[in-house]
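Dear colleague,

Please find below the structure that I am handing over to you. My notes on helix packing and on charges over rings follow it.

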Amino acid sequence: MSEVHPAIRVAGVTKTFRTYDTGESRRFTLRPWKRPGAGRTEALADVDLTVEEGEFIGLLGQNGAGKSTLIKVMTGLLLPEAGTARLFGLDPYADRTDNARNMGVTFGQRTQLWWDLPARDSFGILRDIYGLRDDDFRRTLADLDDVLALSGFWDTPVRFLSLGQRVRCDLAAALLHRPPILFLDEPTIGLDVLVKDQVRTLLGNLAATGDHSIVLTTHDMTEVEALCRRLVVIDRGRVVFDGDRDVLTGSAAGPVTVLVEFAAPPGALTLESAAVESVEGTSVRLRPHPGTDQNALARELLSVHQVRSIVFDGTKVEDVLRALYARPATRTDDPADPEDPEGLGAVGAAGRAGA
């Protein structure tokens, strides 16, 4: 019986890069031929990550945290110095030919299309590279055209396309062979609102099928909250959180509060779904009881009171990441805190529990 592998398995991956001292003291040296002082920067440190078939994860972190390096290791563009990366059990570097059929990749503003050819011709070349049947190719391209509206410009040379048009073509190129794994590194960077909506619609449709394992890196938190249930946060080359989005947002701040505006002062207010925190005229702040469904609370309010507005004021992913990135760069490693030996705080602890 053949062994069943996850879509992606990263185990103990470490990657460093050589760096040089480019400070002013070196720049104006009297011996310009002398090589600047060299050192090494740790981009990834003992990273573990497993993505099952059909999972859609958001890979988050600030600039320089190691997201793109991890993507390049998983796609076989970089070799780790320690640890392993596998896609369906295959080494993405050593088995690159077989793995090419398993994955589709987009890297922000870098194109995989032929610059001087019309996009349609690039699609045709990719069809031949992947050995796609003509009817499958036409069917897939028609499906992509329905969502991304490609046909209006796919006869235009790529170098004349706008950024939004080229990004849509790059996404289509990555999906032509219907890969089971999709890596998207900042796929909507620099795009306008309408194009972003088209891309989100496409990604949402892909996720709904359960046929694709998708790893998305982005700084657009609206995108993350709309698409990704599982989040992996990398900070300074280490995974500090891996778990459910709601666990992340619940780990760094208090529970959700509800701001209700009534048509008239509500007087004595008693609710089954929430506790009253404060009343100021027609404005009331509520704290839902643990496990309360937001829709149930809204129905209770609307059934007995004349309500003008209800606002659920909860912690957003962006708020949690902002607090996480603001923490000091040094690790505490304080033996007096056995619950947090790595100094990762509440977010890190929640990540370990949610993983």
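A crossing is called right-handed if the near helix is turned clockwise from the far one by less than a right angle, and left-handed if it is turned anticlockwise. The term is needed for two of the helix pairs described here. Please note that this is a predicted model.

Helix α5, residues 134–148, takes part in each of the packings reported below, and I begin with its contact with α6.

α5 and α6. Helix α6 spans residues 163–175, and its axis lies 10 Å from that of α5, at an angle of about 150°. Since angles over 145 degrees count as roughly antiparallel, α5 is therefore roughly antiparallel to α6. The crossing of α5 past α6 is right-handed. On the α5 side the contact involves Thr140, Leu144 and Leu148, which meet Arg168, Leu171, Ala172 and Leu175 of α6. Sorted by class, the residues in this contact of α5 with α6 are five nonpolar, one polar and one charged.

α4 and α5. Helix α4 covers residues 119–130 and packs against α5 with the axes 11 Å apart and an angle of about 135°. This places α4 oblique to α5. Here, too, the crossing is described by its hand: α4 passes α5 in a right-handed manner. Phe123, Gly124 and Arg127 are contributed by α4, while Asp134, Phe137 and Leu141 come from α5. The contact of α4 with α5 comprises three nonpolar, one polar and two charged residues.

Arg127 and Phe137 also appear in a further finding: the charged end of arginine 127 is placed over the ring of phenylalanine 137, at 5.1 Å from the ring centre.

α5 and α7. Helix α7 consists of residues 193–209; its axis and that of α5 come within 9 Å and cross at roughly 135°. Accordingly, α5 is oblique to α7. Leu144, Val147 and Leu148 of α5 make this contact with Gln198, Thr201, Leu202 and Asn205 of α7. By class, the contact of α5 with α7 has four nonpolar and three polar residues, and no charged ones. Leu144 and Leu148 of α5 are thus listed in the contact with α6 and in the contact with α7.

Aromatic rings. A second charge over a ring involves arginine 96, which lies over the face of tyrosine 93, 4.2 Å from the ring centre. As for pairs of aromatic rings, the structure contains zero.

With kind regards

Note on methods:
Residues numbered from 1 in each chain as written. Predicted model: local features only at pLDDT ≥ 70, side-chain atom pairs only at ≥ 80, totals over all residues. Heavy atoms only, no water. Axes fitted to C-alpha atoms, helices over the stretch in contact; angles between N-to-C directions. Helix = DSSP H or I, 4+ residues; strand = E, 2+ residues; numbered from the N terminus. Parallel < 35°, antiparallel > 145°, perpendicular 65-115°, else oblique. Contact = heavy atoms within 4.5 Å. Nonpolar A, V, L, I, M, F, W, Y, C, P; charged D, E, K, R; others polar. Phe/Tyr/Trp six-rings, centres within 6.5 Å; stacked < 30°, edge-to-face > 60°. Lys NZ or Arg CZ within 6 Å of the ring centre and 35° of its normal.
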